Each structure stands twice: as C-alpha cells, then as structure tokens.
Amino acid sequence: MEKATVETIIRKAQVCRLGLIDNNEPYIVPLNFGYRDNVLYFHTSPRSRKLDLIRKCTRVCFEMDILLGPVPADDPCEWSMRYQSVVGFGKASIVEDAEAKRAALAVIMDHYTQGPYEFPDNKVAITAVIRVDIERMTGKQHKETT
C-alpha cells in the first residue's frame, strides 16, 4: 500500500495501540496519539508502566484501525469485515525538553481538533510524552473499502 494511503488511514484512526515488551511478554495499550513526519506521539503520566518499559527496551510496535462494518453473506463462513489498518515498528524515546513536549502535545491535539493551543508550564511539567520514530509500517484494507 502506498505511504499516502497509509497516512490517510492514520489521520482517520482515533486510537493507536502501542505494543511494548515486559520481561519477554507482550504488553499492548490503546492510546490517543498524534502523527507527523513519520513520528508518533503519545502522552501519559510521568509514572506509568509504559515509561518503565520504554526505559528497559525502546523497541515498540503499533497498530491502528478503522472498522467500517461487517460484510454479511448467506454462508456464515463467508462473512467478512470492511476495515483499514496500519501496523508498524519503531523506536520509542521519552521527550524531556519542555518546548519539544509542547510541540508534541500540539501534534496530538491536531489529530482530534484545530488549534492554536496553550499548554501551561505546570501541566507540561506533569505530563510525559512518548515519541516513536517509525522504522517501517504497512497498511491493509478490505477489498471493498474505498
């Protein structure tokens, strides 16, 4: 699938599931997110399991999808789902700089609404931001989805 189509799916998705590694066990969590220039951003509490896991292993995966409804058929084995999805892999880091945090938070907000935004210093100080530099991603969609 072309990158432009993948990015269209990303823009439409409401939730991104971030997959992390916890002592050789997978851990996945649904999050609000923002995307810009091949980078995903997430916000979280400064004391979160996600941050603890990223400090141990920066390798992550992610998934987002748009479900468009079932495709019924007379034969129950022929039922299907109209969908679009993106799966990818990357390297996570924790954004420490206050201005970089503000910029990332604006990217997250832009995914859901229009700015401009102001982020007070006290709120920025108690918010952690995760940055995922995407190394590769692919998209897929049901053949009847266009």
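Trainee: Which strands does helix 2 lie across, and at what angle does it run to strand 1?

Mentor: Let's begin there, keeping in mind that this is a predicted model. Helix 2, residues 49-56, lies across strand 1 (16-22), strand 2, strand 4 (39-44), strand 6 and strand 7. Its direction makes about 55 degrees with strand 1.

Trainee: What is the strand order of the sheet, and how do the strands pair?

Mentor: The sheet is open, has seven strands and follows the order 2-1-5-6-7-4-3, with antiparallel pairing. Strand 2 (25-31) and strand 3 (34-36) are at the edges with a single partner strand each, so each has one side without a neighbour in the sheet. On average, neighbouring strands are turned by 30 degrees against each other, direction ignored.

Trainee: How many bridges join individual pairs, say strand 5 to strand 6?

Mentor: Strand 5 (residues 59-71) and strand 6 (residues 80-95) run antiparallel and are joined by twelve bridges. To find your place in that pair, look at L67, which stands opposite Y83 in strand 6. Strand 1 and strand 2 are also antiparallel, paired over seven bridges, and there I21 has P26 of strand 2 as its bridge partner.

Trainee: What links strand 1 to strand 2?

Mentor: They form a hairpin with two residues between them. One for your backbone torsion check: N23, in the turn, has a positive phi of about 50 degrees.

Trainee: How should I read a single position in a strand, such as V132?

Mentor: The general idea is that side chains in a regular strand alternate between the two faces of the sheet. Here V132 sits in strand 7, residues 128-141. With a relative accessible area of 0%, V132 is buried. Setting aside neighbours within four places in sequence, V132 is in contact with L18, N38, V39, L40, F42, V60, G90, K91 and A92.

Trainee: How far is V132 from R102, in sequence and in space?

Mentor: They are 30 residues apart in sequence, and their C-alpha atoms are 16 Å apart in space.

Trainee: Then let's look at R102. Which salt bridges does it form?

Mentor: In general, side chains of opposite charge can pair when their charged atoms come close. R102 meets E99 in a salt bridge at 3.0 Å, N to O. Both residues lie in helix 3 (residues 98-112), three residues apart, which is about one turn of the helix. R102 also forms a salt bridge with D121, with 2.2 Å between the closest N and O atoms. Since R102 is in helix 3 and D121 in helix 4 (residues 121-125), this pair ties together parts that are 19 residues apart in sequence.

Trainee: Are R102 and D121 buried or exposed?

Mentor: R102 counts as buried because its relative accessibility is 16%, under the 20% cut-off. D121, at 59%, counts as exposed.

Trainee: How many salt bridges does the structure hold?

Mentor: Nine. Among them is the one between D133 and R131, whose closest N and O atoms are 2.9 Å apart. D133 is partly exposed, with a relative accessible area of 29%, and R131 is partly exposed with 29% too. Elsewhere, salt bridges that share partners join R17, E63 and D65 into one network.

Trainee: And which charged side chains lie over aromatic rings?

Mentor: R49 lies over the face of Y27, 3.8 Å from the ring centre. R136 lies over the face of F89, at 4.3 Å from the ring centre.

Trainee: How many aromatic pairs does a search of the whole structure find?

Mentor: A pair of rings is described by the distance of the centres and the angle of the planes. The search finds one pair. The rings of Y117 and F119 have centres 6.1 Å apart and planes at 35 degrees, so the pair is tilted. Y117 itself counts as partly exposed, at 22% relative accessibility.

Trainee: What does the whole protein look like in numbers?

Mentor: There are four helices and seven strands, following the pattern α-β-β-β-β-α-β-β-α-α-β along the sequence. The C-alpha trace spans about 60 × 40 × 25 Å along its principal axes. Of the 146 residues, 40% are buried. Among contacts with a separation of 6 or more, 70% come from residues 24 or more positions apart.

Note on methods:
Residues are numbered from 1 along each chain as its sequence is written. This is a predicted model: local features need pLDDT of at least 70, side-chain atom pairs count only at pLDDT 80 or more; totals for chains, interfaces and linings use all residues. Side-chain values use heavy atoms; hydrogens and water are left out. Rings of Phe, Tyr and Trp (its six-membered ring) pair if their centres lie within 6.5 Å; planes under 30 degrees apart count as stacked, over 60 as edge-to-face and the rest as tilted. Buried means under 20% relative accessible area, exposed over 50%, partly exposed in between (1.4 Å probe, protein chains only). A charge sits over a ring if NZ of Lys or CZ of Arg is within 6 Å of the ring centre and within 35 degrees of the ring normal. A salt bridge is a side-chain nitrogen of Lys or Arg within 4 Å of a carboxyl oxygen of Asp or Glu. Contact means heavy atoms within 4.5 Å. Two strands pair if DSSP finds at least two bridges between them. Axes are lines fitted to C-alpha atoms, for helices over the stretch in contact, and angles run from 0 to 180 degrees between N-to-C directions.
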